[in-house]
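Could you walk me through the salt bridges of this model, then the strand at its core of pairings, and finish with a look at a surface patch and a helix? Here is the structure to follow along with.

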Amino acid sequence: MTVREEPAESGGAQPTGAAADERLRRWRLVLGGGAADGTGCALGAADSGMDGALEAVYGGAGGSGPAGGGSGTGTSGGLGASAPRISRWLGDIRTYFPSSVVQVMQRDAIDRLGLSALLLEPEMLEAIEPDVHLVGTLLSLNKAMPETSRETARAVVRKVVAELEKRLAARTRSTLTGALDRSAKINRPRHRDIDWNRTIRANLKNYLPEYGTVVPERLIGYGRAAQSVKKEVILCIDQSGSMASSVVYASVFGAVLASMRTLDTRLVVFDTSVVDLTEDLDDPVDVLFGTQLGGGTDINRALAYCQSRISRPAEAVVVLISDLYEGGIRQEMLKRVAAMQASGVRFVTLLALSDEGAPSYDRDHAAALAALGAPAFACTPDHFPEVMAAAIEKRPLPVPE
């Protein structure tokens, strides 16, 4: 393959000297070497190691050949089934790449080379860079995990959960505390708590044209939510295999919400069966190991259970996190959502709770829910507190564009 340089922009010049060498080096690493790459660029020791690490996963026929070993010779890559070889590779990629890239390469190695079984070995778990996707993979292997690996796996999951809580907990609590305060509307507010827009609308009949003003006979504002005042929140989570990241994030958020005394939080996971994990909410790691990723989907059955647990519909928020591929009774599911909303429940549908964006989902079911006033959309973890705050205050949801 010959690398063709792009024509220089008008008034510009082709790179020369060090800039040209750097461009060839980058092309060489992209193309993977061999006589046909057309760069004529030789790699130094460090670049050869980086090239070998890349070749092991992305080289050859899907990375299925012998180990790359960092030789830079252009042979097919691969990690084989050797645990020591994979340990060396994990060390190499940490040396050559930043943490965010390491996580992507680990995920690709697991997906492309079928290394999931090796994650059941404690030494592998200790060497790997933990992230949300790794946690999802471990949870999918939970039932096959030997006792010798279980404590190591829990330590990996706990590390990721702790990082997520550190990132998300404080903002979630502050956002929802404000929403709960504002949702406690009163008619004799303190001056700083007056909702002037609603107060003016309520007193338009008292407009005095000669003075150009409205006489506010009735003040409307926000109180401060008492500690005994509670909203009911039910997180209903699809635990099919495609929802792994969403299950991880939802479990962390469930633990954060459960720590707030003004919220009565329940966490329910489902496939074709329904499991209530509310009693484990004080430890999201226990919640995660109580899930069983994979299997079918019966949303209607899960919503029936959630509906049965609502004691005060006007103060309840139900968050369904699912790709909406329903294996149960579609019309019954839609009727159940409509009934909950008619009783005063605020219903929220999230196609995903993750950083990956819009997933594959059942568009017909999403459109049907939107027609009921429950728009379905993917939500990032950073956006979730705002969605919950809007649901608690019964204002329009901040649906991402």
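There are 14 salt bridges in this structure, a salt bridge being a side-chain nitrogen of Lys or Arg within 4 Å of a carboxyl oxygen of Asp or Glu. Keep in mind that this is a predicted model, where local features need pLDDT of at least 70, side-chain atom pairs count only at pLDDT 80 or more, and totals for chains, interfaces and linings use all residues. Residues are numbered from 1 along each chain as its sequence is written, and side-chain values use heavy atoms, with hydrogens and water left out.

Start with Glu315 and Lys231, which form a salt bridge whose closest N and O atoms are 2.5 Å apart. This pair links distant parts of the chain, 84 residues apart: Glu315 sits in the loop between helix 11 (299-308) and strand 8 (316-321), while Lys231 belongs to strand 5 (residues 231-238). Helices (H or I, at least four residues) and strands (E, at least two) are DSSP runs here, numbered from the N terminus. Lys231 counts as buried because its relative accessibility is 10%, whereas Glu315, at 28%, counts as partly exposed. The cut-offs are simple: buried means under 20% relative accessible area, exposed means over 50%, and partly exposed is in between (1.4 Å probe, protein chains only).

Next, take a look at Asp276 and Arg266, whose side chains meet in a salt bridge at 2.5 Å, N to O. Asp276 lies in strand 7 (residues 274-276) and Arg266 in strand 6 (residues 263-270), so this pair ties together parts that are 10 residues apart in sequence. Asp276 has a relative accessible area of 26%, so it is partly exposed.

Then there's Arg395 with Glu393, a salt bridge at 3.5 Å, N to O. Arg395 is partly exposed because its relative accessible area is 32%, and Glu393 is buried because its value is 16%. Elsewhere, Glu22, Arg25, Arg26 and Asp47 are joined into one network by salt bridges that share partners.

Now back to strand 5, the home of Lys231. How many of the residues of strand 5 are buried? It's 8 of 8, so to speak a mostly covered strand. Lys231, Val233, Leu235 and Ile237 point one way from strand 5, Glu232, Ile234, Cys236 and Asp238 point the other way, and all are buried.

What does strand 5 pair with? Two strands pair if DSSP finds at least two bridges between them. Strand 5 and strand 6 pair in the parallel sense over 8 bridges, and Glu232 has Asp264 as its bridge partner in strand 6. Strand 5 also runs parallel to strand 8, with 6 bridges joining them, and there Glu232 stands opposite Ala316.

Finally, head for the surface. Trp196, Ile200 and Leu204 make a nonpolar patch of about 300 Å². Trp196 is found in helix 8 (residues 196-202), and its relative accessible area of 42% makes it partly exposed.Patches are made of residues with over 30% relative accessible area and no salt bridge, like charges being joined within 9 Å and nonpolar side chains (Val, Leu, Ile, Met, Phe, Trp, Tyr) within 5 Å; areas come from the Shrake-Rupley method with a 1.4 Å probe, and for residues only the protein chains shown count as cover. As for the helix, Gly32 takes a positive phi of about 90° just after helix 1.
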